[in-house]
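Me: I have a model open and would like to learn how to read it feature by feature. Can we go through it together?

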Amino acid sequence: MEKIAIGIDFSKETFDMTVLDMKKTNGKMDADALAKAPHEQFKNQRSGYHKGLSWVKKVTGRKVDMDNAIFCGEDTGKYSIRMSEYLRERGLFIWIDSGLRIRNSMGIVRGKSDKADSCRIAEYAFRHWDKAILYEPLDKDVSALRELLLYRDHLVGLRKATEQRNNLMKEFSDALDSSFIRRSGDRIVKDLREEIKHCEEKMRELIEDNEEIKTTYDCITSIKGVSLINGVAFIVYTNNFKWFGNNPRKIATYWGVAVFGKESGTSVKGKTKTSKCASRKLKELITEAAKSAIRWEPRIRAYYEKLMAKGKHHEVAMNNVKNKLIHIITALAVNKTMYNGTYEEERKLKKVG
């Protein structure tokens, strides 16, 4: 079957499309075929999606469906969501992949333009057709939780920035007449704290109103160390544990705590390390959860102390705790069970009995 790969480069106001039709190029994928690939730009709005899809059908001259065509674009958040949902509604295959993964697959690249990027994405989709994953939109309530979580992060950032500014002004209060600035800053910080509380209340209300989300939330927060923000983050960034195939290793990789080796031949044998290709925010959240779990959850604390007694470095032991915590959280969510801190002991007693 002659495949059709459509690369989409999203931006705030427009999106560029390039079509690679193997029927038109006799199955060739060389520089000449890429240079002659049809390209067009459209408005990033619903009317533009209509025009874009009509244009693809026009330049290919044949039916475009789930079996013979794949639309591919970078994950650019809000800029890529609307068109992805539009194509999904029409039964078309839309693959939204990591921008970093797409760029790394291109090798050495010179120059950049929206047209060139859409062509490279189309080439990526064609060459990696077998790895394509159908776009799956977030559940409506999970999406709302995501927006609340992001808004809370924004408010926390504003509060911290204002507090730092206030502290700086207090240091120079003798030399500067900063009373107005400090009073204003204190008032803003107080208001921001209230707004953060309101945002968290909205999160709890949304969780209570959705039975499926509430079940997951209650299960994963039943272990000490996982509270509101970490619980919401796990629900949001796993689409309520529908993504990652219920594989805790994949989730740990996305959270930036899975370790990878580095070996080559007989001379290169590096230490296993975590990858920097991860969300710093999620890594910070799971670190906070691990610290809290070590303090309040006896089983986790015993695991940490056991690692330290073996001579493990604190950072290594902490990362092991984060991984263990992610494995436990995933198991709780998937099996829809509450955490049992005495499970291991009960299992041993059953074996003895």
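Reply: Sure. Let's begin with pairing: two strands count as paired if DSSP finds at least two bridges between them. Keep in mind that this is a predicted model.

Me: Which residue in β2 is the bridge partner of Ala 5?

Reply: Leu 20 is the β2 partner of Ala 5. That bridge belongs to the pairing of β1 (residues 4-10) with β2 (residues 14-21), which is antiparallel and runs over 7 bridges.

Me: OK, and how do I go from one pair to the whole sheet? In what order do the 5 strands come?

Reply: Follow the pairings from strand to strand. Here you get β3-β2-β1-β4-β5, an open sheet with mixed pairing. The edges are β3 (39-43) and β5 (94-97), each of which pairs on one side only. From one strand to the next, the twist averages 25°.

Me: Which helix lies across β1, β2, β3, β4 and β5?

Reply: For that, look at contacts and then at the angle between axes. Helix α5 (residues 114-127) lies across β1, β2, β3, β4 (69-74) and β5, and its direction is at about 140° to β1.

Me: Next, cores. How many residues does the largest nonpolar core have?

Reply: A nonpolar core is a set of buried residues of nonpolar type joined through side-chain atoms within 4.5 Å. The largest one here has 48 residues, and Leu 145, Met 203 and Phe 234 have the most contacts inside it. Two or more residues each come from α6 (140-171), α7 (179-209), α8 (211-220), α9, α10, α11 (280-296), α12 (298-309) and α13. The largest share, 9 residues, is from α13.

Me: Let me zoom in on one residue. What does Leu 145 touch?

Reply: Leaving aside residues up to four places away in sequence, Leu 145 touches Met 203, Leu 206, Ile 207, Ile 213, Val 232, Ile 235 and Val 236. Apart from this core there is another, of 22 residues, including Leu 53, Ala 69, Phe 71 and Tyr 135.

Me: Last topic, backbone angles. What is phi of Asn 239 near?

Reply: Check the sign, then check whether the residue is glycine. Asn 239 is not glycine, yet its phi is positive, near 55°. You'll find Asn 239 in the loop between α9 (228-236) and α10 (248-255).

Me: Is Asn 239 buried or exposed?

Reply: The cut-off for buried is under 20% relative accessible area. Asn 239 has 2%, so Asn 239 is buried. Now try Lys 336: its phi is also positive, near 55°, and Lys 336 sits in the loop between α13 (314-335) and α14 (343-352).

Notes: Residues numbered from 1 in each chain as written. Predicted model: local features only at pLDDT ≥ 70, side-chain atom pairs only at ≥ 80, totals over all residues. Heavy atoms only, no water. Helix = DSSP H or I, 4+ residues; strand = E, 2+ residues; numbered from the N terminus. Axes fitted to C-alpha atoms, helices over the stretch in contact; angles between N-to-C directions. Contact = heavy atoms within 4.5 Å. Buried < 20%, exposed > 50% of the residue type's maximum accessible area, 1.4 Å probe, protein only.
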